[in-house]
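Work through the exercises below with the structure in view. Try each task before reading its solution.

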Amino acid sequence: MALALGLILAGCAKTPAASPPVGPSQAGTSEAVVVERAGRGTAIVSAARGDAGRWARLANTASAMIATRVAGVAPAWSGELVVEVPGSQRRFEQMVGAKPGSYGQIAAVTVAGGSDPGSPAERIVVNPVAADKLSDLGLAVLLAHEATHVATNSLDSSAPMWAVEGFADYVAYQAYPQARGVASGPLLGEIRTNGPPAGLPGEEDFTASASGLGVTYAEAWLACRYVAETSSPQQLDTIYTELDEGKSLSEAGRAAGFADSADAFETGWRKYLTRLAGR
Ligand SMILES: [Zn+2]
């Protein structure tokens, strides 16, 4: 369960800055692919897998499942999603610019798109080994999370990682509420034992090799859900948009008529977590 949980939650938006992602044609030896389309989904899948049609349908479903939930922060999004599924984990790591073996617990990454005109600015690259271990529900949550990164142009966001990852998880778990219990379980258990976290997770807590990624993602997700539930989803959209544009948490909270300082925000979030844990 812990493995699957980590895989579901650890879909990161940002690739290592030192080694930018490379396209299929530049990533070492090329691999034969099959391209399929379904509605707004396009899948570019290793020919060896033979399931390109399924991935195109999964992408189309992810686009549809998040459409209304991202409309407030990404009104101009076309809904088009491109998903690439290479034939091996090694090739996945090449495509996202990661060191061999370093992305074993990452199931998918959103990267900058190809240079062909008309292609979406960002695309989703799937770790085939990790993704094949997920349940249908886990895969649906993963793609909804990554699709949110694409819709909101996460790679260009100035928002802190907790907001970028938390918003993507918020959208994904609104779309698939039946996955919430598994995702929040370890964090709430931790809070029952040790109390709530001291503060929001920092940028370094989201690196692919960090321990406790599942708990970190749950903290970020529940910071976003805290705003949506104790205030409103529209207020969350406003706070996210302000952070995305580079405003501080205090400024963003004020703009949304919510907590008027970062300290007040964190205090409210910790109380919310404590209440959820039933402590
Ligand atoms: Zn992510």
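**Exercise 1: A parallel pair**

Glycine 41 stands opposite leucine 81 in strand 3. The model is a predicted one. Find which strands pair here, and in which sense.

Solution.
- Leucine 81 belongs to strand 3, which covers residues 81-85.
- The partner is strand 2.
- Strand 2 and strand 3 run parallel and share five bridges.

**Exercise 2: The hairpin**

Describe how strand 1 and strand 2 pair, and what happens between them.

Solution.
- Strand 1 spans residues 33-38, and strand 2 spans residues 41-46.
- Their pairing is antiparallel, over six bridges.
- One facing pair is glutamate 36 and alanine 43, the latter in strand 2.
- Two residues lie between the strands of this hairpin.
- Glycine 39 has a positive phi there, near 55 degrees.

**Exercise 3: The whole sheet**

Give the strand order, then explain why two strands have a side without a neighbour in the sheet.

Solution.
- Five strands make up an open sheet, in the order 1-2-3-5-4.
- The pairing is mixed.
- In general, strands of a sheet pair through backbone hydrogen bonds, in parallel or antiparallel fashion.
- Strand 1 and strand 4 (108-112) are at the edges.
- Each has a single partner strand, so one side of each has no neighbour in the sheet.
- From one strand to the next, the twist averages 25 degrees.

**Exercise 4: Helices on the sheet**

Which strands do helix 2 and helix 5 touch?

Solution.
- Helix 2 (residues 52-70) packs on the sheet and touches strand 1, strand 2 and strand 3.
- The direction of helix 2 makes about 145 degrees with that of strand 2.
- Helix 5 (residues 136-151) also packs on the sheet, touching strand 3, strand 4 and strand 5 (122-126).
- The direction of helix 5 makes about 20 degrees with that of strand 4.

**Exercise 5: Two helices that cross**

Work out how helix 7 and helix 8 are oriented, and which residues make the contact.

Solution.
- Helix 7 covers residues 180-194, and helix 8 covers residues 213-230.
- They pack at about 95 degrees, and their axes are 8 Å apart.
- Angles of 65 to 115 degrees count as roughly perpendicular, so helix 7 is roughly perpendicular to helix 8.
- Helix 7 contributes Ala183, Ser184, Pro186, Leu187 and Glu190.
- Helix 8 contributes Gly214, Val215, Ala218, Glu219 and Leu222.
- By class, this contact has six nonpolar, two polar and two charged residues.

**Exercise 6: The chain overall**

State how many helices and strands the chain has, and what share of it is buried.

Solution.
- The protein chain has eleven helices and five strands.
- Of its 279 residues, 49% are buried.

Methods. Residues are numbered from 1 along each chain as its sequence is written. This is a predicted model: local features need pLDDT of at least 70, side-chain atom pairs count only at pLDDT 80 or more; totals for chains, interfaces and linings use all residues. Two strands pair if DSSP finds at least two bridges between them. Helices (H or I, at least four residues) and strands (E, at least two) are DSSP runs, numbered from the N terminus. Axes are lines fitted to C-alpha atoms, for helices over the stretch in contact, and angles run from 0 to 180 degrees between N-to-C directions. Angles under 35 degrees count as roughly parallel, over 145 as roughly antiparallel, 65 to 115 as roughly perpendicular and the rest as oblique. Two residues are in contact if their C-beta atoms, placed from the backbone, lie within 7 Å. Ala, Val, Leu, Ile, Met, Phe, Trp, Tyr, Cys and Pro count as nonpolar, Asp, Glu, Lys and Arg as charged, and the others, Gly among them, as polar. A residue is buried if 20 or more other C-beta atoms lie within 10 Å of its own, exposed if 12 or fewer, and partly exposed in between; C-beta atoms are placed from the backbone.
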